[in-house]
Structure formats: C-alpha cells, structure tokens
Amino acid sequence: MVFCLEKEEPRLRLRSAMVHFHASEVQQLLHNKFVVILGDSIQRAVYKDLVLLLQRDSLLTAAQLKAKGELSFEQDQLVAGGQLGELHNGTQYREVRQFCSGSGHHLVRFYFLTRVYSEYLEGVLEELTYGPAPDLVIINSCLWDLSRYGRCSMESYRENLERVFVRMDQVLPDSCLLVWNMAMPLGERVTGGFLLPELQPLAGSLRRDVVEGNFYSATLAGDHCFDVLDLHFHFRHAVQHRHRDGVHWDQHAHRHLSHLLLTHVADAWGVELPKRDYPSGQPFPPHEFFNYNSTEDFSMSSHLGCGPGVNFVPGPLPPPVPGPIPHGQHRGPVVHRGMPRCAPNSPYHMPRMGGPCRQRLRHSDRLIHTNKLDRQPPAHSGTWPG
C-alpha cells in the first residue's frame, strides 16, 4: 500500500489478493533485479526465505531461522561481520550477506541494522551510490531503536525515520521501489536476544511502543510516498506461529510474509500474476489454528489506511512445478506484464505526484534500461522475460 498524506487516504490498494508463488515465478518476477534488504533478525529471515524461494519450493528449517552470522546459507556468502568478526548482541553488531544466483540474473543483499539511521547506514548508502543501483529496497528497523538507545528512544526514532527517508529519497534512483515493512506484533513476554537482561522491565511497554512506532514510520514513509506493508495487521491473529521469545516467527509465517511482499512488489511493478485453484485435497488448517485473543489485536488507526485486509491463513506449500517439458513443447509464461499502478502518459514521461512524492518508472519503462545483472537486456515484448 502506498500512503500519500496530502490526500489523507491511501493512493491505491492492491488490486488482487495474495498469491502463493512458485520458485519459478519468483525467478521471473525478480529477473535482472538487485534487491537490498535492511533490518534486524526479522528482516534477515525475510532475506533468507527470499533466497531459498529463488532456488526451490521448500521452507526454511528451524535451524536456518535461528542461525546468525553463518559463513554461508543456501549458496549465499557472508560478506562482512557475523562469524568473520565477533558474534554478540550489542548495537555495534554487523552482518552483510549476499546471494547471486548461478544464472547471474538475481542479486540479493542483506545489511543488519540496529538503528534505522546512523553513520553505518550512511556507509551503506554510499555503497549503493557507487555500486549497482538497487531495483527494490526492503527495510525495517524498530525494536532495537525503541529498546537500546535510552529514555528518549521514541523521539530519536521519529527523528531518525525522517532522516532515513530523506536520505533514501536523495540516494535511490527514481526507478527503485522502496517498501517499508512495518514491525510485526510482539508477544506479551519478550525475551529476544536484542533485549538485554537489565532492559527486561521495558518488555511490558515495548508492545505498545511498537504500535506507536509503526504509526510514525507509516506516516513518515507516506510523507515521502514510499510503499508500506503492514505486517503488524496481517499477523495480528497468527500468534501460534510466533516463537516463545515473543519476537521471532516460524517458517510458515515467513513464507506467508514472502508471498505478501512479492504480491505487493508485483502489483507495484504492474505484473499480472497467475490465478490458480488449489486441489480440494489440500485444505487450509482448521479454525482452531487461529488465536483471536483480543489482547493480540493491535489494529492501526483507520486514517493510516489499515482497513480490512487478508488475514494470515498459512496453508500447504504450492503444488510442485511440473517436471521437464517434453521436447518440442513450450510452457506459456506464468507471469505476465500488466498495467502498472500509475500508468505514465507516454513511455518517456512520468508525471510527478503532488508534494514530495517521487517520480517512479514502472516495469514497462524499466525493462528498457534497468539491466545490471545481465548485460544482454531481455526482449521488450508482451511477456515477462523467462
């Protein structure tokens, strides 16, 4: 969802319901794309699930979700920090990971953040300025900001949010899509590694602080017309998939998160996704799966655009992609290029939205010149490059 404060309403809602992606479809959606993910351990799991889904239709293991700073994960590489340095839970912890597919058509990078804006983030932005420009940036930082930086943490968080969005607006190319992931709901008892023993008294108020922080982050992201994905809303009833530490989530939750995120990205890029009917033999979990405890319902204010949406209903993995295609036959494209969210008046001009909103080239324009991972540009036709 994109917030535009000048109109006081969401500019446009997603046109379609969430799609359950096959690995082959994720490969096509992110073909020749450079994806950058910034944030804490939750966003590291977002990175890991995306890296796995770019390779095969399977879920992360519990061990993969728990691991941090490992030298390699599913063909990726630890670039800096982690086990190359010192593993700890301090605010100076660093971890940079990168995955490049064997075909060379997909590049995904992760930076661990302990604060939404800092000197370290400026260094990251400098890397993005002088290196390949990202096509998609996914970012969140909230829990560390609100629990590890003193009594005035909320005020500092608001100031740093404004700084980071201003800097992102300055550094990222207009063609880059930025998605702000709102923080996910916390449990009543929080014991995550980021919360030191001496800070445990803060755990009780941290749940409410996250809701307030989400409000400010969504508002400020909207002021810059960046995209916002309200994970707090989508996972408010999925408490049985949250770990006992009150912070982290299991592999089913993270696969659902990936589907939500990729559906949002496809909509922003004007990509039409397949509509598939699942076999009747693959039911969703029973109603007992959900916990509708009212204490877990942190619905956001209506003026933030967080109206009724898709609740978390994790089901079975998508049916596997059929086997090898017989010789001489070709399967039709499974992802098609559709109309972008804001259709330009011509292929070369994107009218500027009101106020500080960014000009954004959509998929139909970006195919022509966004070509960093593969020097041979894909054919500019009516279908997504395979």
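Two rings of Phe, Tyr or Trp count as a pair here if their centres lie within 6.5 Å, and planes over 60 degrees apart make that pair edge-to-face. Keep that rule in hand, since this is a predicted model and its aromatic rings are a handy way in. Tyr47, Tyr93, Phe110, Phe112 and Trp144 come together as one aromatic cluster. Across the structure, the rule gives eight aromatic pairs. Take Phe110 and Phe112 from the cluster: their ring centres sit 6.4 Å apart with the planes at 80 degrees, so this pair is edge-to-face. Phe110 is buried, at a relative accessible area of 0%, and Phe112 is buried too, at 4%.

Another edge-to-face pair joins Phe235 and Trp249, with 5.6 Å from centre to centre and 65 degrees between the planes. Both residues belong to the loop between helix 8 (231–234) and helix 9 (251–268), and they are 14 residues apart. How accessible is Phe235? Its relative accessibility is 0%, so Phe235 counts as buried. Trp249, at 1%, is buried as well.

Rings also turn up with charged partners. Arg236 lies over the face of Phe233, 4.0 Å from the ring centre. Lys33 does likewise with Trp269, at 5.4 Å from the centre of the ring.

Now step back for the wider picture. The protein has 386 residues, and 53% of them count as buried. There are 10 helices and 11 strands to find your way around. If you look at contacts between residues at least 6 apart in sequence, 76% of them join residues at least 24 apart.

What about the nonpolar interior? The largest nonpolar core holds 47 residues, and Leu30, Ile37, Val108 and Phe235 are the ones that touch the most other members. Several elements give two or more residues to this core, including helix 1 (23–29), strand 3 (33–39), helix 2 (41–53), strand 6 (106–112) and helix 9. There is also a second, separate core of 41 residues, with Tyr111, Val124, Leu186 and Val210 among its members.

Helix 2 and helix 9 both deserve a visit. Start with helix 2: how many of its 13 residues are buried? The count is 13 of 13, so helix 2 is largely enclosed by the rest of the structure. At 1.5 Å a residue, helix 2 should span 18 Å, and its end C-alpha atoms are indeed 18 Å apart, so the two values agree. At its N-terminal end you'll find a cap: a side-chain oxygen of Asp40 lies 3.1 Å from the backbone nitrogen of Ile42.

Helix 9 can be read in the same steps. Of its 18 residues, 16 are buried, so helix 9 is largely enclosed by the rest of the structure. The expected span, at 1.5 Å a residue, is 26 Å, and the end C-alpha atoms of helix 9 lie 26 Å apart, which agrees. Asp250 caps the N-terminal end of helix 9, placing a side-chain oxygen 3.1 Å from the backbone nitrogen of His252. Just after helix 9 comes Gly270, with a positive phi of about 70 degrees.

That brings us to backbone angles. Most residues other than glycine have a negative phi. Against that background, Glu74 is one to look at: its phi is near 45 degrees, a positive value in a residue other than glycine. Glu74 sits in the loop between helix 3 (62–66) and strand 4 (77–81). Is Glu74 buried or exposed? Its relative accessibility is 17%, and buried means under 20%, so Glu74 counts as buried.

Cys225 is another residue other than glycine with a positive phi, near 55 degrees. You'll find Cys225 in the loop between helix 7 and strand 9 (227–229). At 1% relative accessibility, Cys225 counts as buried.

Finish the tour in helix 7 itself, which covers residues 203–223 and includes Ser217. Ser217 is buried, with a relative accessibility of 0%. Which residues does Ser217 touch, leaving out those up to four places away in sequence? They are Tyr157, Leu161, Phe165 and Trp180.

Methods: Residues numbered from 1 in each chain as written. Heavy atoms only, no water. Helix = DSSP H or I, 4+ residues; strand = E, 2+ residues; numbered from the N terminus. Buried < 20%, exposed > 50% of the residue type's maximum accessible area, 1.4 Å probe, protein only. Contact = heavy atoms within 4.5 Å. Phe/Tyr/Trp six-rings, centres within 6.5 Å; stacked < 30°, edge-to-face > 60°. Lys NZ or Arg CZ within 6 Å of the ring centre and 35° of its normal. Core = buried A, V, L, I, M, F, W, Y, C linked by side-chain atoms within 4.5 Å. Expected span 1.5 Å × (residues − 1). Polar contact = N/O pair within 3.5 Å; in protein donor to acceptor, adjacent residues only side chain to side chain.
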